[in-house]
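Happy to walk through this one with you. Below the structure you will find questions about the words used to describe it, each answered from the computed values.

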Amino acid sequence: MMTGEKIYFDYNSTTPVDPRVLEEIAKVARENFGNPSSSHCFGESAAEIVKQSRQQVATLLKVKAEEIYFTSGGTESDNLALKGVVLPYLAQGRKPHLIISMVEHPAVVESCLYLESLGALITRLPVAEDGTITAAQVAAAFTDETVLVSLMLANNETGVLFPLAEIAALTRPKKILLHTDAVQAFGKVEIDVTALGVDLFSISGHKVYAPKGVGALWLRSGVKLEPLLHGGGQESGLRSGTENIAGMAGFGIACEILAVGMAAEGSRIQALRNRLESELAAALGQQLIFHGHRQLRVPNTISLSVPYIDGEALLAHLDLEDIAVSAGSACSSGEHQGSPVLKAMGVSSELAQGSLRISLGRWSTRAEVDHFVEKFSAIVRRLWAISPLYPKK
Ligand code: PLP
């Protein structure tokens, strides 16, 4: 077990850095410390690393290397996509219209609130009880001023996948740009970005066994964006700032590792996830409520609610057993509210408060799954026994 005796089932929050990635980062930091903009051999060798890393990311996505722009992560890629498309319209005094869903990541939600404060119009599409959305819903929201649709490929909390290819078939003829926050789908399911048909595509390194602080935005050739960071003109002028070379190199190797056997690894993790779900259901019965579409989701994620128990209490008890999971997804800065994603799916606030996200990954094992089921069931039974809300026979 990679993390000693502890069980880490929170891979959607972040992943451990793969030892092969760590090795590459250390090597690059040691040997390629030059500034890629410098015209001497130190700069040239650093520039070569940047080029190679860009190619590794592009190869996995099946796109051209020059369409990849490195950023500091998913949040920056989302901000750059949304603000980069919309700000020029606002500068011209127009009122551009955007379509997002009610379950987007805060990086998209907050960027939209900011753009709204500057005059943009935002439609926030509801989702069905199983967390899905349809292409028809998107089409029904188009207006003459719609310039951008931004929908996540997979939800960070439930893992539910949105039908981006179908949506792209509708945005394309209307010349409406389509951005997807693919941070949670990337590395979990195979993606051919060109076939998907989107125009902008955000990814993050630390969800795929690379370090925090590096990510990328793929931009279809010809799509114009306003940069957010102005300066030395790195990343073809779209993202100034001396490059995070070691981070980029780590991200590049992480992509190369992902490319090998992704389908087999997906099946392995899916089998573990399914085992975990069915064992929990068998141990705790009908009372457990699983959220999200059963099929249209990434293979590693479980979103569930335990009635009559607060998710935070459950999390604390699991933590005492050295088991790490996540309570909903709204705990980004320590403050805990019921999950907005589950609320958007029509889950009552009591159940949303008692929600947990369990997410598996590269080092998850069957022994961990079985240990988790045993500990989790015992904790839930104990908490139910003392819960004043739990119906006693
Ligand atoms: N988008 C989604 C769907 C995410 O899950 C996350 C991270 O939790 C982000 C964006 C933000 O990525 P980063 O942490 O790299 O800024």
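The questions and answers that follow concern a predicted model.

Q: What makes the protein chain as compact as a globular protein of its length?
A: Start with the make-up of the protein chain, which has 13 helices and 12 strands. Its radius of gyration is 22 Å, close to the 21 Å that the globule rule gives for 393 residues, so the chain counts as being as compact as a globular protein of that length. Along the principal axes, the C-alpha atoms fill a box of roughly 75 × 50 × 35 Å.

Q: How many of the residues count as buried, and what share of the surface belongs to carbon and sulfur atoms?
A: Of the 393 residues, 55% count as buried. The accessible surface comes to about 16700 Å², and 55% of that belongs to carbon and sulfur atoms. As for contacts between residues at least 6 apart in sequence, 73% join residues at least 24 apart.

Q: Which residues are closest to the ligand, and what classes make up the shell around the ligand?
A: The ligand is surrounded by 13 residues, and the closest are Gly 74, Thr 75, Asp 181, Ser 204 and Lys 207. Sorted by class, the shell holds 8 polar, 3 charged and 2 nonpolar residues. Helix H3, residues 74-91, gives the most to this shell, with 3 residues.

Q: What makes the pairing of the ligand with Asp 181 a polar contact?
A: The cut-off is a pair of N or O atoms within 3.5 Å. A nitrogen atom of the ligand is 2.6 Å from an N or O atom in the side chain of Asp 181, so this pair meets the cut-off of 3.5 Å. On the oxygen side of the ligand, an oxygen atom is 2.8 Å from an N or O atom in the side chain of Gln 184. A polar side-chain atom of Ser 204 lies 2.6 Å from an oxygen atom of the ligand. Taken alone the ligand exposes 390 Å², and the protein buries 85% of that.

Q: Why is Ser 364 called buried or exposed?
A: Buried means under 20% relative accessible area. Ser 364 has a relative accessible area of 1%, so Ser 364 is called buried. Its place is the loop between strand E12 (355-359) and helix H13 (366-386). There the side chain of Ser 364 reaches the backbone nitrogen of Gly 361 at 2.9 Å. Leaving out residues up to four places away in sequence, Ser 364 touches Phe 9, Tyr 11, Arg 268 and Leu 272.

Q: How do you know whether Leu 82 is buried or exposed?
A: The relative accessible area of Leu 82 is 0%, which is under 20%, so Leu 82 is buried. Leu 82 sits in helix H3. Beyond its neighbours within four places in sequence, Leu 82 is in contact with residues including Leu 98, Val 108, Leu 115 and His 179. Leu 82 and Val 373 are 291 residues apart in sequence, and their C-alpha atoms are 41 Å apart in space.

Q: What is notable about the phi of Tyr 209 and of Ser 236?
A: Most residues other than glycine have a negative phi. Tyr 209 is not a glycine, yet has a positive phi of about 75°. Ser 236, also not a glycine, has a positive phi of about 55°. Tyr 209 lies in the loop between strand E7 (200-204) and strand E8 (215-219), while Ser 236 lies in the loop between E8 and helix H8 (245-259).

Q: Why are Tyr 209 and Ser 236 called buried or exposed?
A: Tyr 209 has 8% relative accessibility, which is under 20%, so Tyr 209 counts as buried. Ser 236 has a relative accessible area of 69%, which is over 50%, so Ser 236 is exposed.

Q: Why is His 317 called partly exposed?
A: The term covers values between the 20% and 50% cut-offs. His 317 has 25% relative accessibility, so His 317 counts as partly exposed. His 317 belongs to helix H10, residues 311-320, and its side chain reaches the backbone oxygen of Ala 313 at 2.9 Å.

Q: How do you know that His 317 touches residues far along the sequence, and which are they?
A: Not counting residues up to four places away in sequence, His 317 touches Ile 379, Arg 382 and Leu 383. His 317 and Leu 383 are 66 residues apart in sequence and 9.5 Å apart in space, C-alpha to C-alpha.

Notes:
Residues are numbered from 1 along each chain as its sequence is written. This is a predicted model: local features need pLDDT of at least 70, side-chain atom pairs count only at pLDDT 80 or more; totals for chains, interfaces and linings use all residues. Side-chain values use heavy atoms; hydrogens and water are left out. A residue is near a molecule or strand if one of its heavy atoms lies within 4 Å of it. A polar contact is a pair of N or O atoms within 3.5 Å; within protein, one must be able to donate a hydrogen and the other to accept it, and residues adjacent in sequence count only if both atoms are side-chain atoms. Accessible areas come from the Shrake-Rupley method with a 1.4 Å probe; for residues, only the protein chains shown count as cover. Helices (H or I, at least four residues) and strands (E, at least two) are DSSP runs, numbered from the N terminus. Ala, Val, Leu, Ile, Met, Phe, Trp, Tyr, Cys and Pro count as nonpolar, Asp, Glu, Lys and Arg as charged, and the others, Gly among them, as polar. The radius of gyration is taken over C-alpha atoms; the globule rule is 2.2 Å times the number of residues to the power 0.38. Buried means under 20% relative accessible area, exposed over 50%, partly exposed in between (1.4 Å probe, protein chains only). Contact means heavy atoms within 4.5 Å.
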